[in-house]
Amino acid sequence: MPPIIPFPDRVQAGRALAERLAQMDSWSGALVLALPRGGVPVAYEVADRLGLELDILVVRKLGTPGNPELAMGAIASGGVRVMNEDIVHYSHASHAEIEGTVIQESHELQRRERAYRGDRPRPVIQDRAVILVDDGLATGATMRAAVQAVHKLGAGSVTVAVPVGAPESVAQLEQLADRVVCLHLPHDLYAIGRWYVNFDQTSDRQVMDLLLQAWSRGGEPA
């Protein structure tokens with residue numbers, strides 16, 4: 001049965017995504033990594049349906065000086081930094097400006113890591129199949145950084161899974177990831193929220209509650 005578009009909410013989108021993934025593979029031993037915050041409710045449903053371990057990959061975009069929406073790179077959980085040298089050159093960002101941006105975004109990354117994870121150690125990524133989940137792809141910049149990050153951390157394979165995405169962003173990710181699973185590819189995406197009936201912002205509290213639920217069951221099917 002095809003998913004209902006627009007998706008009622010992230011929970012229903014996650015369940016539809018989980019069903020698609022379940023039809024594709026057994027995913028035995030795979031790790032589901034959510035991109036907080038909006039990706040967590042989606043990823044929770046994927047991990048629950050497939051009986052997999054759920055964790056998070058916090059990614060922070062490094063905006064260029066004077067144009068924070070233009071990403072010159074990103075940092076991610078595990079001390080990973082990826083840079084777009086073409087954008088760095090185009091923006092004329094100095095070494096000091098780059099390092100200042102990294103320090104600023106590192107503070108927020110660490111805050112989120114502490115808030116969401118507490119003392120829980122990061123998951124083992126080396127040689128594992130990883131499923132990266134978000135609630136959608138617009139430009140895809142954050143997800144591209146996430147894919148590069150898990151590759152650097154030694155993932156055995158990387159699958160990107162999203163309910164909705166811009167076709168050009170999906171095409172770019174297909175060059176980086178082993179697989180991209182996207183339920184809906186509208187040519188007039190405009191904004192991810194347009195494809196959800198309820199697209200309320202996911203709070204830190206919701207993220208923490210879902211992670212605690214997933215961790216308490218130990219990655220086993222509900």
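Helices, of at least four residues, and strands, of at least two, are DSSP runs numbered from the N terminus. With that in hand, the annotated stretch can be described. The model is predicted.

**The annotated region**

The unreviewed UniProt entry lists residues 11-184 as "domain: Phosphoribosyltransferase". Over residues 11-184, the chain is 44% helix and 27% strand. The C-alpha atoms at the two ends of this stretch are 16 Å apart.

**Two domains**

The chain splits into two domains. Domain 1 takes in residues 10-58 and 121-215. Domain 2 covers residues 60-117. Their centres, taken over C-alpha atoms, are separated by 21 Å.

**Where the domains meet**

How many residues of each domain are in contact with the other? Domain 1 brings 19 residues and domain 2 brings 16. Between them the domains bury about 1,600 Å². Carbon and sulfur atoms account for 61% of that area. On the domain 1 side, Val58, Arg122 and Asp204 supply 36% of the area buried against domain 2. No other three residues supply more.

Polar links also cross this boundary. There are 6 residue pairs in polar contact between the domains, counting pairs with both residues at pLDDT 80 or more. The count of salt bridges between domain 1 and domain 2 is 3.

Which elements build the domain 1 side? Strand E2 (53-56), helix H5 (141-152) and helix H7 (204-217) each supply at least two residues. H7 gives the most, with 5 residues. By type, the residues on this side of domain 1 divide into 13 nonpolar, 1 polar and 5 charged.

**Salt bridges**

The whole structure holds 18 salt bridges. Two of the pairs are set out here.

| Pair | Closest N and O atoms |
|---|---|
| Arg15 and Glu45 | 3.1 Å apart |
| Arg111 and Asp204 | 3.2 Å apart |

Take the Arg15 and Glu45 pair. Arg15 lies in helix H1 (residues 10-24), and Glu45 lies in helix H2 (residues 39-50). The salt bridge therefore ties together parts that are 30 residues apart in sequence.

Now take the other pair. Asp204 forms a salt bridge with Arg111. Asp204 is also one of the three residues that supply 36% of the area domain 1 buries against domain 2.

Terms used
Residues are numbered from 1 along each chain as its sequence is written. This is a predicted model: local features need pLDDT of at least 70, side-chain atom pairs count only at pLDDT 80 or more; totals for chains, interfaces and linings use all residues. Side-chain values use heavy atoms; hydrogens and water are left out. Domain bounds come from an automatic or database domain assignment. Contact means heavy atoms within 4.5 Å. Buried area is the accessible area (1.4 Å probe) that two parts lose on being put together, summed over both. A salt bridge is a side-chain nitrogen of Lys or Arg within 4 Å of a carboxyl oxygen of Asp or Glu. A polar contact is a pair of N or O atoms within 3.5 Å; within protein, one must be able to donate a hydrogen and the other to accept it, and residues adjacent in sequence count only if both atoms are side-chain atoms. Ala, Val, Leu, Ile, Met, Phe, Trp, Tyr, Cys and Pro count as nonpolar, Asp, Glu, Lys and Arg as charged, and the others, Gly among them, as polar. UniProt positions are given in the numbering used here, feature names are shortened, and annotations may be inferred rather than shown by experiment.
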